[in-house]
Amino acid sequence: MSVTLVKEKYSSKVGEVVLGATAEQGGTRTSTITVGGDSALPFLHFEGETKNRPVIAMEVTDVVPSWPDTIKNRIGDVINDPAAWAKKCVDDFGADLIYLKLDGADPEGENRSPEDCARIVKDVLAAVGVPLIVEGCDDGEKNNEIMAVIAEAAAGENLLIGIAEQDNYKSITAAAMVHKHTLIARSPLDINICKQLNILINEMGLPLNKIVIDPTVAGLGFGIEYVYSIMERARLGALANDKMLSMPIICTVGHEANRCKEAYASVEEFPGWGDLADRSVLWEAVTASGVLQVGASILVMRNPAAVSIVKKNIADMMGD
Amino acid sequence: MLIFGERINGMFTDIGDALRNKDPKAIQYWAVKQQEGGAHYLDVNSGPAIPTHERVEAYEWMVNVIQEVSELPLVLDSTNYDAIEAGLKVCKRPAIINSCPAEQVKIERVFPMAIQYNAGIIGLTMDKKGIPKDAENRVAFAMELVAAADEYGVPMEDLYIDPLILPVNVAQEHAPEVLESLRQVKMLANPAPRTVLGLSNVSQKSPDRNLINRTYMAMAVACGLDAAIMDANDDDLVDVAATTQILLNRSIYADSYLKVFRAR
């Protein structure tokens, strides 16, 4: 007896966003990346198209990060040089694009000037041909200063810049609009604020196809189910034609997964947890695979070994 | 929640004059103004301003002058099906035929026409004998219309059942029957047909028209109303429509939801 699959029918789809710009488009990238465009829940190929495959952005910082040695050792000496690090991510680790985090701008740390930050961005742009995501430090006011300068210095490159938040979005939105970049809108695990922030940014004049949603994620074991339900709600909203929730989603998986104790505590401390090197890789890879299932378009990751696993997972889910 | 703007109707003096004088100004003014108010569709009714034999031509003219200024799809509102067909021929976007009662002769005229022009249909829960007093008979007519849609291949999302609300000041007993009909119509098929009301009718000749319209809309949407032919420029009424979508969890809440509801 033949079985008829019950299929959901959706009235709309996720918006498409292009990252990066080639020389003809006013930038210097050798290729661009398009994310979004799905017309069904992720990887349900029988219900609709997963139009653009999810991509992995590997995280590079402008100062040597305080990450666990298990990750830093895999990256090697280039960890002292953002441009060389970025190049290694693309050439050796297969990163689709680079996520540059400018922690050195932090007034409580190196307190780098906006011009210094812009120079680092230009160095990384020169070192790789893939599109670039640029985020500032954890100080909102300082970020407004540096992102204005970076946006201008990299005008036309169509960077994905962040972070716009509900209480601090105007300055960076203006920078994105004037210098033709795409913007990350971050909300604190709150679907209503997520939607409201998109509305506010759009009201300023930035088109919806220049916004990427960062819903804030959590690592495996630390509330990933809640993340899942928020992302699912946004995705179902997009498929039901809620234009203000229809943007592709970026997830800072590496940051969140590696904050979990399970990703860095030694086997001596917790003998029952098993070898740290494997555990740390799996914690990041499983966190990433979890959010992939609910519509992450851009995964920001740290551990090259985890990236390798997730790339295979994406290929499997896409039916390659 | 779909808003069908009711204002382009020959019963209104300015529209009637526009039709008699072939002056598109008032028609175009209301097309734009209703779109700004929040209308998703524009209802187009020539009303009694034009002699019957001129209606076909008048209809085509109305559709054309509206489309010069508005992108909104149209609800072609007439009892003269030749006039509606003339309108359908020039509509740039899929329209809705308003309306077809549960009478076999009219079903045979309207449903094939809807298929031919990829149009929706507003099906009235009445026949030659008039509007039923109770929900039970309204739903029986709705069932006939659903069966007709099935027979002719009209998708349920293109069939709008109108259970016909009457003025509360003269026919109070109909208001709860219509609400009950809305509930039951939603259970007639899966997927269910859509539902619509000529909302302003509920408050005809009452002094508190706006209040009655708003209150009844909120009640009706909770019972399954999907669309209303209504005053798209009563901002408070449009706000009620937007808020029902939030309170029924059909649209995800954001502080600016009223603005988003109007934006397209």
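**Exercise 1. Describe the second largest pocket of this predicted model by its volume, its lining and the elements that supply the lining.**

Solution.
- Step 1, volume. The second largest pocket holds about 1000 Å³ of space.
- Step 2, lining. Its walls are formed by 33 residues; those nearest the centre are Asn9(B), Asp43(B), Asn45(B), Asp77(B) and Asn98(B).
- Step 3, elements. In chain B, strand 1 (2-9), strand 2 (41-45), helix 3 (55-69) and strand 4 (96-101) each give two or more residues to this lining. Strand 4 of chain B has the largest share, with 3 residues.
- Step 4, classes. The lining of the second largest pocket divides into 13 nonpolar, 12 polar and 8 charged residues.

**Exercise 2. Which residues lie nearest the centre of the largest pocket, and which elements line it?**

Solution.
- Step 1, volume. About 2100 Å³ of space belongs to the largest pocket.
- Step 2, centre. Of its 48 lining residues, Ser11(A), Ala240(A), Asn241(A), Met1(B) and Leu2(B) lie nearest the centre.
- Step 3, elements. Two or more residues each come from helix 6 (191-204) and helix 7 (224-239) of chain A, and from helix 9 (235-247) and helix 10 (257-262) of chain B. Helix 7 of chain A gives the largest share, 4 residues.
- Step 4, classes. The lining of the largest pocket counts 24 nonpolar, 10 polar and 14 charged residues.

**Exercise 3. How many residues does each chain bring to the contact, and which side chains meet in a salt bridge?**

Solution.
- Step 1, residues. Chain A brings 11 residues and chain B brings 10.
- Step 2, area. About 880 Å² is buried between the two chains, and carbon and sulfur atoms give 51% of that. On the side of chain B, Ile252(B), Ala254(B) and Val260(B) supply 54% of the area buried against chain A, more than any other three residues.
- Step 3, salt bridge. The count between the chains is 1: the side chains of Glu203(A) and Lys259(B) meet at 3.0 Å, N to O.
- Step 4, classes. The side of chain B that touches chain A has 4 nonpolar, 3 polar and 3 charged residues.
- Step 5, polar contacts. Across the interface, 7 residue pairs are in polar contact, with both residues at pLDDT 80 or more.

**Exercise 4. What volume does the largest cavity have, and what lines it?**

Solution.
- Step 1, count. With a cut-off of 30 Å³ or more, the count is 1 cavity.
- Step 2, volume. The largest cavity measures about 80 Å³ by calculation.
- Step 3, lining. Among its 13 lining residues, Asp38(A), Asn52(A), Pro54(A), Ala296(A) and Ser297(A) lie nearest the centre. Strand 2 (33-36) and strand 10 (296-301) of chain A each supply at least two lining residues.
- Step 4, classes. The cavity lining has 6 nonpolar, 5 polar and 2 charged residues.

Definitions and conventions: Residues are numbered from 1 along each chain as its sequence is written. Chains are lettered from A and ligands numbered from 1 in the order in which they are written. This is a predicted model: local features need pLDDT of at least 70, side-chain atom pairs count only at pLDDT 80 or more; totals for chains, interfaces and linings use all residues. Side-chain values use heavy atoms; hydrogens and water are left out. On a 1 Å grid over the protein atoms alone, a cavity is a set of points where a 1.4 Å probe fits but cannot get out, and a pocket is an open set with protein on both sides within 12 Å along at least five of seven lines; lining residues have an atom within 4 Å of a point. Grid points are joined across faces, edges and corners, and a volume is the space filled by probe spheres set on the points. Ala, Val, Leu, Ile, Met, Phe, Trp, Tyr, Cys and Pro count as nonpolar, Asp, Glu, Lys and Arg as charged, and the others, Gly among them, as polar. Contact means heavy atoms within 4.5 Å. Buried area is the accessible area (1.4 Å probe) that two parts lose on being put together, summed over both. A salt bridge is a side-chain nitrogen of Lys or Arg within 4 Å of a carboxyl oxygen of Asp or Glu. A polar contact is a pair of N or O atoms within 3.5 Å; within protein, one must be able to donate a hydrogen and the other to accept it, and residues adjacent in sequence count only if both atoms are side-chain atoms.
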